Amino acid sequence: VTWSVVLVGIVVAATFAIGLYGVRLARTTSDFFVATRAVGPIWNASAIAGEYLSAASFLGIAGLLFKEGAAVLWYPLGYAAGYLVLLLFVAAPLRRFGAYTIPDFAAGRFSSQALRIQSALVVLVIGWFYLLPQMKGAGVTFRLLTGAPYAAGVVLVGVLVTLAVAMGGMKGVTYVQAFHYWTKLLAIGVPAGVLLAVFGLANGSQTPFADGLPTFPDRTEVAFPSETHLEVAEAIEVTVDGVSETWVEGPVTVPARAIVVFEEGSAVPAPADVTVDGISWTLPFPDSSVWSLVAAISLLTATMFGTMGLPHILVRFYTNRDGRSARRTAVGTLALVGVFYMFPWVYAAIGRVWDPGLYVTGDTEVVVLAVPRLIGGGAGSFLGGLVAAGAFSAFLSTSSGLLVSVAGALSHDLVGSFIPTSPDKTRLNLFRVAAVLAGGVAVGLGMLVRPFEINVLVGWAFAIAASAFCPLLILGIWWPRLTKSGAAWGMALGAILSTTAILITMIAPQTGWVGALLAQPAIVTVPLAFSTMILVSLRTRPPRNVESLLLKMHSPDTAVTPPFPTRPLTTPVDG
Amino acid sequence: MRAIYLRSLLRMNLSISLLYFGLFMLIAVLIPVMFWLYPWVAELMVGPIPLAWLVLVVVAYPVLVAFGAGYVRSIEEAEAEYSELVDEP
């Protein structure tokens, strides 16, 4: 715990130090919203990867992998592949267009203030949805480290991030994000390497991929903070609060605050929603039904096409010098994110063999934080502190990026639409008020999402982004015939249907294929939003004078075809 | 004049993007389908880890980067040719 406090403290202090340095540089409003000076592709890619790797990547992937097995491997793959799709269809054209947020793109491409407002509303939905899992991650991590209640971590990270954003805006955040990427890579990579060297994947005949149930590697004492329902698959001898018992096959209820001792070699019992059986854990599909295949492909669709629609990611492409460097930044981000995703599985696999006690209490989400401590001694405590620092780095970086986008949409796109010409100072104050408001909402909602898996919440934010913004960006960039009405209807339909499906899943989960589709709606809502945009556009009057806009997006950076202004169309203020 | 420029530009850029996208999607759909149809393939052990894990946690990422780098090369070559063509009086 001491190392955790020191290392988490260093990350927080460095965040504020670099952020404060940024404040001195942030002189104009455009500096504040987005770093105006161009940043090189390597810095930029580090910053994007730093902002992108959130609680879902740092804790969520390994945690869910530990709990449910290989079916979860589709998540990181889709998270990374999103950058390939972004590179192929969006990066360079959008940078050349000069829009730095999605509402700016919508407003500039269709000369419509109404579309700016509509897409700003969707930014709020995606941004807040994505903030929830970050808050949850902060809550569970802080609780594990200090024993403080869940709410304490949520409030702590919420307040820190809101302060940082209100003080520094985007400029302060840019270099902080790059620092956060390398912190996270170090914090997940080093302990993973040490764990593999110390433990290896197998313990005698027990390997993570063996058939049957995992077994306790030693006599293990497990404390149950709350009443827990377990499914016992194989009869075992246990000691409950000092009294020997036999648990036979079937359900067992463990009372709150019980201490249960499991013998070496006993098969691990677990709550019903945990996949402990070896074969199901090892295979990338939970069962052989066609719906598990559809769910996997739907998840890949959501994550691959959702990345481009994440409000905090696209902003960063604006800080590239031109289309060429935007492309290089996208490839760089793909590489950096990919390297990171090669590590989380180590924690899940080693946890399965060496720390199966986590299955029993259902604390699967903290496997990344718990497993390095198995090494024991000073080294174990240091590595445990390192992963804790990495987790905090993930909450801080992603939440601050999201908060800048949400506050920007609130102050610049929504309020700013009604008072268009206000002095710089008013705009800054408006942004600060919006940041505090947005942070407050995120903290409040963060208290409610504790029952949901971090990764599942993030997957939903991607599904909404894919359904609403991906069709807008792809058709807006590549199809001259897209009209204002087409864009508005498609975006509205995609956003409303996907959000509704997800809210139904959260409040009243369904079963069977209806349940699978409501929980992973992208495979239906993304094509539906695309076809709505196309059909409505074809039925409305073709837009005029879009050639120059599209030429600007698609002409090579060096080309001297029709002369265009080098300044972005829609930048609010220039210093 | 502008409309002609635009049409040729769009066609050139889109064909390169769609080529890379199509190839990638082919892999992105075929791999899940293969593991779903033939679970024994997913379970084949390659050293200490199953094939499905090797593909999804190690091999997939360099392949993604290779696709990205290949696209950047193709599109920049095409853009260079296009610029030369346009610049000629």
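Let's start at the tip of one helix: Asp322(A) caps the N-terminal end of α13(A), with a side-chain oxygen lying 3.3 Å from the backbone nitrogen of Arg324(A). Keep in mind that everything here comes from a predicted model.

The helix being capped, α13(A), has 19 residues. From its first C-alpha to its last it reaches 27 Å, close to the 27 Å expected at 1.5 Å a residue. Is it out in the open or enclosed by the rest of the structure? Of its 19 residues, 14 are buried, so α13(A) is largely enclosed by the rest of the structure.

## Where chain A meets chain B

Now for the place where the two chains touch. On one side, 57 residues of chain A take part, and they are in contact with 48 residues of chain B. Together the chains bury about 4,600 Å² between them, and carbon and sulfur atoms give 81% of that area. Which three residues of chain A supply more of its buried area than any other three? They are Leu88(A), Arg327(A) and Trp478(A), which supply 13% of what chain A buries against chain B.

There is polar traffic across the boundary too. Eight residue pairs, both members at pLDDT 80 or more, are in polar contact between chain A and chain B. Several helices of chain A give two or more residues to the side that touches chain B: α5 (74–89), α10 (278–282), α11 (290–306), α13 (323–341), α19 (454–478) and α23 (547–554). The capped helix from the opening, α13, is on that list. The largest share belongs to α5(A), with 10 residues. Sorted by class, this side of chain A has 41 nonpolar, 10 polar and six charged residues.

## Salt bridges, between chains and within one

Over all chains, the structure holds 12 salt bridges. Four salt bridges are counted between chain A and chain B. Here are some of the pairs, with the distance between the closest N and O atoms.

| Residue | Partner | N to O distance |
|---|---|---|
| Arg328(A) | Glu76(B) | 2.5 Å |
| Arg96(A) | Glu79(B) | 3.1 Å |
| Arg116(A) | Asp413(A) | 2.8 Å |
| Lys136(A) | Glu365(A) | 2.7 Å |

Take Arg96(A) and Glu79(B), which form a salt bridge at 3.1 Å. This pair crosses between chains, from helix α6 (residues 91–97) of chain A to helix α3 (residues 51–87) of chain B. Both Arg96(A) and Glu79(B) are buried. They also belong to something wider: salt bridges that share partners join Arg96(A), Arg327(A), Asp557(A) and Glu79(B) into one network. You've already met Arg327(A), one of the three residues that supply 13% of the area chain A buries against chain B.

Other salt bridges stay inside chain A. Asp413(A) and Arg116(A) form one, with the closest N and O atoms 2.8 Å apart. This pair links distant parts of the chain: Asp413(A) sits in helix α17, Arg116(A) sits in helix α8 (residues 113–146), and the two are 297 residues apart. Asp413(A) is buried, at a relative accessible area of 2%, and Arg116(A) also counts as buried, at 8% relative accessibility.

Helix α8 of chain A takes part in another long-range link. Lys136(A) and Glu365(A) meet through their side chains in a salt bridge. Lys136(A) is in α8, while Glu365(A) is in the loop between α15 (357–361) and α16 (367–370), 229 residues apart. Both Lys136(A) and Glu365(A) are buried.

## Two small buried residues

What does Gly63(A) touch, leaving out residues up to four places away in sequence? Its neighbors are Thr364(A), Glu365(A) and Val367(A), and Glu365(A) is the residue that pairs with Lys136(A). Gly63(A) is found in helix α4 (residues 55–68) of chain A and counts as buried, at 1% relative accessibility. From Gly63(A) to Val366(A) is 303 residues in sequence, yet their C-alpha atoms are 6.3 Å apart in space.

Ser397(A) has its place in helix α17 (residues 377–418) of chain A. Buried or exposed? With a relative accessible area of 0%, Ser397(A) is buried. Its side chain reaches the backbone oxygen of Gly50(A) at 3.0 Å. Leaving out residues up to four places away in sequence, Ser397(A) touches Gly50(A), Glu51(A), Leu53(A), Gln177(A), His180(A) and Lys184(A).

Note on methods:
Residues numbered from 1 in each chain as written. Chains lettered and ligands numbered in written order. Predicted model: local features only at pLDDT ≥ 70, side-chain atom pairs only at ≥ 80, totals over all residues. Heavy atoms only, no water. Contact = heavy atoms within 4.5 Å. Buried area = accessible area lost by both parts, 1.4 Å probe. Polar contact = N/O pair within 3.5 Å; in protein donor to acceptor, adjacent residues only side chain to side chain. Helix = DSSP H or I, 4+ residues; strand = E, 2+ residues; numbered from the N terminus. Nonpolar A, V, L, I, M, F, W, Y, C, P; charged D, E, K, R; others polar. Expected span 1.5 Å × (residues − 1). Buried < 20%, exposed > 50% of the residue type's maximum accessible area, 1.4 Å probe, protein only.
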